[in-house]
Amino acid sequence: PSASWSGHIASDNVRLSKAMQTIFQNCRLIDGASAAARERVDVIVDGSQIRAVEETRPRDGLDATLVDCAGLTLLPGLIDCHAHYTLDPWSADPFGKVWRESDAVAITYAARAARVALHAGITTTRDAGAPRQLNFALRDAIAKGFIPGPRLLAPGCAITITGGHGRLFGIEADGMDALQQAVRAQMRDGADVIKIVASEAAMLTGPEAAVEELSQEEINMLVSEARRRGLRIFSHAQNSTSVIRSARAKVDSVEHAFLANQEAISELRDNAVTLVPTLAVTEVTLERDDLSPAFRERMLRIRDKHCWSCEEAIRQGINVVASTDCGEPQIFPNLLWRDIKVLHDRGLTKMGAIQAATSKAAALLGIDGMVGRVAAGKQADLILVQGNPLDDLAVLSKVALV
């Protein structure tokens, strides 16, 4: 869009930070926290940190990279709170593929997913579990600059019961002692966060059979172990009982809650637990043209319940954040914009839906002191998009610069 970008951008839309000053001029700014956008704003970046946010003014003669943002909107880098980069959504059988392939091959398509996410404006991701702790290797390769990708908060393996849903991307354990050992093993090996699987998955079993898999006492213990090490913990919970148990144990967030009833949603509210509904999964899955009639009918029933539970959470004022849950077939890592849009369809304002992928997501992950807002002192995780997301959230898919 501007000749002043020449020489400062690689062959794609991802710009590596330099030890110099960059000034984004004449922006429309959505800062991730304010109720309204600001027009004609300059954002000044020193190296990798935001130094100032000021009204636009002439800045000729400065030894700085000037980025002309006329017609573009500047936002914080987006945050995906639930993703599986080690599962290959370009495959018809992501779970089978990751088990058949060697770790070396699996990491190559995980690296592809991370790159696609970064190009889509996602600069931070909370991984939701990987077989054989492959997300640790991916996280470390990104952090060292070996491959491009969002900063990754990795749990290692998800913790589940023997034969439970999480067996495909986790570690199986039964009983208090084994579960305690499993969570301690993830922390020993470098987990940034803990993921537990408290119920079956309705997409695999059907909405009537998606029962709970961890007891209240087991979830309480797992939360206590995570807290002992100062880690946050999130729970895959789809039916009402598993949501209630997870909320009462005071996990940081419940994932999915596809089948949660009003009582379960109220428990989230009463215990100040965030909901990560992964709405785009049911929407995008139903757009596939390869679904069997039986599976499509199952997904339609799940979608109705899923939409209701998210709408009820929004009505009750529960903190709701955005995610892709990428890794399922055709659930790609660049679809966070779609989840943001569906959150708006279910009841959030457009600005509220954007904040669900910026400041509110950062607060859930405990990194809001660093990212999630465009403000002086924050990390320069910034994206430019073509147009105004407050007119049409779909422009979040048109990322001009990261």
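Biologist: Starting with C157: buried or exposed?
Modeller: C157 counts as buried, because its relative accessibility is 8%. Keep in mind that this is a predicted model.

Biologist: How many disulfides turn up in the whole structure?
Modeller: Zero, after a search of the whole structure.

Biologist: Why is C27 not bonded to C69?
Modeller: Because their sulfurs are too far apart for a bond. The gap is 3.5 Å, and a disulfide needs the two sulfur atoms within 2.5 Å. C69 is the cysteine whose sulfur is closest to that of C27.

Biologist: And where is the nearest cysteine sulfur to C157?
Modeller: In C326, 17 Å away, and C157 is in no disulfide.

Biologist: Back to C27: buried or exposed?
Modeller: Buried, with a relative accessible area of 1%.

Biologist: New topic, rings. How many aromatic pairs are there?
Modeller: The search of the whole structure gives two. One of them joins W90 and F332, with ring centres 5.2 Å apart. The planes of W90 and F332 meet at 40 degrees, so this pair is called tilted.

Biologist: Where do W90 and F332 lie in the chain?
Modeller: Both are in loops. W90 is in the loop between β6 (78-83) and α1 (94-100), while F332 is in the loop between α10 (293-315) and α11 (336-345). The pair therefore ties together parts that are 242 residues apart in sequence.

Biologist: How accessible are W90 and F332?
Modeller: W90 has 37% relative accessibility and counts as partly exposed. F332, at 23%, also counts as partly exposed.

Biologist: Which charged residue sits over the ring of W90?
Modeller: R112, whose charged end is 4.0 Å from the ring centre. There is also K97, with its charged end over the ring of Y109, 4.5 Å from the centre.

Biologist: Next, α10. How many residues does it have, and how far does it reach?
Modeller: α10 has 23 residues and spans 33 Å from first C-alpha to last. That is close to the expected 33 Å, at 1.5 Å a residue.

Biologist: Which residues of α10 are buried?
Modeller: They are M299, I302, H306, C307, S309, C310, E312, A313 and I314. In an α-helix, residues three or four places apart point the same way, because there are 3.6 residues a turn.

Biologist: What covers the buried residues of α10?
Modeller: The cover includes α5 (202-205), β13 (253-256), α8 (262-270), β14 (274-276), α9 (279-285) and α11.

Biologist: Which residue has a positive phi just after α10?
Modeller: G317, with a phi of about 80 degrees.

Definitions and conventions
Residues numbered from 1 in each chain as written. Predicted model: local features only at pLDDT ≥ 70, side-chain atom pairs only at ≥ 80, totals over all residues. Heavy atoms only, no water. Buried < 20%, exposed > 50% of the residue type's maximum accessible area, 1.4 Å probe, protein only. Phe/Tyr/Trp six-rings, centres within 6.5 Å; stacked < 30°, edge-to-face > 60°. Helix = DSSP H or I, 4+ residues; strand = E, 2+ residues; numbered from the N terminus. Lys NZ or Arg CZ within 6 Å of the ring centre and 35° of its normal. Expected span 1.5 Å × (residues − 1). Contact = heavy atoms within 4.5 Å.
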